[in-house]
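Me: Please take a close look at the strand pairing in this model. I would like one connected account, including the loops that join the strands.

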Amino acid sequence: MLEILRPGVQTSVQDRGRHGLRHLGIARSGALDMPALYRANCLVGNSPEAAGLEIVLGPVSLRLGRDAWLALSGADFHPALDGQPIGTGWRTPAKAGQILTLSGCEYGMRTYLAIDGGLAVPEALGACATDLQAGFGGFQGRALQAGDCLPLGAPHPLSGQPGCRSPDWTPLLRALPGPDYASFSPSAQAAFWQRQWTVTPQSNRMGMRLRGTPLLRRQPIELLSHAVLPGVVQVPPDGQPIVLMADAQTTGGYPCIASVIQADQWKLAQARPGARLRFVPCTTSEARQALRQQVQAGLRLQRMLAQG
């Protein structure tokens, strides 16, 4: 078991999420910083599909119920085992009964904990991810609380303590013009690309709410609800954009001015309230190439660790 002693601001069980169910109104959910969870799972020999913990800010304390290998990836929460500092981005051995503490981070927003064997919570609709809005999946469909005990999968025979470096975070988000881009005024289009946008405290796993120059449309025409995906930038009537995240609804009626490319969506997961972001124009071919490069980097890490 993994016992939650102190859960922090929001700690939840997440994996790669649910795919192919949006036509049924089921959100993807899953890790907001997917590459970080992937790296953590690779370091402890897990399948990329294994469930881990998504930890927001801190402080957090966890007690291990068996000998284990663990890895953290994402923001550096200054982790320690029984008070002894350990590294983020490294495979670390731990003994049964030891307490992992995460004091919090100076930069970034989320870190991901993987333990060899993964978290053995039951699947719901093909994934272990917690859908906090719908209240299912993960552990009882909610954020973790003090006293919760999560079952662990079978341990892996591992040796050595390899590590890997996380990519550098930048405030630049590559984006594609959305289907309603042309309905915005020329000044709104220019402001979207040229102005900075501030992440507001109202942001969550459903959407990142941004504040800046209001984006006005040429004419206030009502839209029918239509399908939306994580990364879509919606603009409600107040003109302040919302970037949809993993727990977002599957349909919406706000105009879509753009869509953040998949390879850059992890940056949103690490953007704290008050962070200033910029959107950068991108082509479809550039978006595909960026995703290929991200996937290839993950596969290289997996092969390197498998070879010892």
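Reply:
**Strand pairing and its loops**

Serine 12 has glutamate 54, in strand 3, as its bridge partner. This pair is taken from a predicted model, as is everything that follows. The bridge belongs to the pairing of strand 2 with strand 3 (residues 52–56), which is antiparallel and comprises 5 bridges. In general, the strands of a sheet pair through backbone hydrogen bonds, in either the parallel or the antiparallel sense.

Strands 2 and 3 are part of an open sheet of 5 strands, arranged in the order 2-3-10-5-8 with antiparallel pairing. Its edges are strand 2 (10–14) and strand 8 (92–94), each of which pairs on one side only. On average, and with direction ignored, neighbouring strands of this sheet are turned by 30 degrees against each other.

After strand 3, the loop leading to strand 4 contains proline 59. The peptide bond joining glycine 58 to proline 59 is cis, with omega about 0 degrees. Most peptide bonds are trans, and most residues other than glycine have a negative phi.

Strand 4 belongs to another open sheet, in which 6 strands follow the order 7-6-9-4-1-11, again with antiparallel pairing. Here the edge strands are strand 7 (84–85) and strand 11, each pairing on one side only. Within this sheet, strand 9 merits particular attention. What lies on its two faces, covered and uncovered? Strand 9 (residues 99–102) has Leu100 and Leu102 on its covered face, while Ile99 and Thr101 lie on the uncovered one.

Strand 9 runs antiparallel to strand 4 (residues 60–64), to which it is joined by 4 bridges. In this pairing, leucine 62 stands opposite leucine 100. Strand 9 is also joined to strand 6 (residues 79–81), through 3 bridges and likewise in the antiparallel sense. There, leucine 100 is the bridge partner of leucine 81, and leucine 102 is that of proline 79. Leucine 100 is thus paired with leucine 62 and with leucine 81.

The loop between strand 5 (68–74) and strand 6 holds histidine 78. Although histidine 78 is not a glycine, its phi is positive, at about 50 degrees. Histidine 78 is classed as partly exposed because its relative accessible area is 40%, which falls between the limits of 20% and 50%.

The loop between strand 9 and strand 10 (110–115) holds tyrosine 107. Is tyrosine 107 buried or exposed? Its relative accessibility is 67%, so tyrosine 107 counts as exposed, the cut-off being over 50%. The C-alpha atoms of tyrosine 107 and asparagine 204 are 17 Å apart, although 97 residues separate them in sequence. Tyr107 also helps to line the second largest pocket; of the 20 lining residues, those nearest the centre are Gly74, Ala75, Tyr107, Gly108 and Trp169. This pocket holds about 380 Å³ of space. Its lining consists of 8 nonpolar, 6 polar and 6 charged residues.

Farther along the chain, leucine 125 is placed in the loop between strand 10 and strand 11. Leucine 125, not being a glycine, nevertheless has a positive phi of about 55 degrees. With a relative accessibility of 52%, leucine 125 counts as exposed.

The cysteines can be treated briefly. The model has 0 disulfides. Cysteine 128 takes part in none, the nearest cysteine sulfur being that of cysteine 42 at 17 Å. Cysteine 164 is likewise in no disulfide; for this residue too the nearest cysteine sulfur is that of cysteine 42, at 7.9 Å. Neither distance meets the requirement that the two sulfur atoms lie within 2.5 Å. Cysteine 128 is buried because its relative accessible area is 10%, under the 20% limit.

The loop between strand 11 (149–150) and strand 12 (172–177) includes proline 151. Proline 151 is partly exposed, its relative accessible area being 26%. Between the C-alpha atoms of proline 151 and arginine 91 there are 20 Å, with the two positions 60 residues apart along the chain.

Strand 12 shows two senses of pairing. With strand 20 (residues 276–281) it pairs in parallel over 4 bridges, and leucine 172 has arginine 278 as its partner. With strand 19 (residues 256–260), strand 12 pairs in the antiparallel sense over 3 bridges. In that pairing, the partner of leucine 176 is serine 259.

How values were computed. Residues numbered from 1 in each chain as written. Predicted model: local features only at pLDDT ≥ 70, side-chain atom pairs only at ≥ 80, totals over all residues. Heavy atoms only, no water. 1 Å grid on protein atoms, 1.4 Å probe; cavity = no way out; pocket = protein on both sides within 12 Å on 5 of 7 lines; lining within 4 Å. Points joined across faces, edges and corners; volume = space filled by probe spheres on them. Nonpolar A, V, L, I, M, F, W, Y, C, P; charged D, E, K, R; others polar. Buried < 20%, exposed > 50% of the residue type's maximum accessible area, 1.4 Å probe, protein only. Pairing = 2+ DSSP bridges. Axes fitted to C-alpha atoms, helices over the stretch in contact; angles between N-to-C directions.
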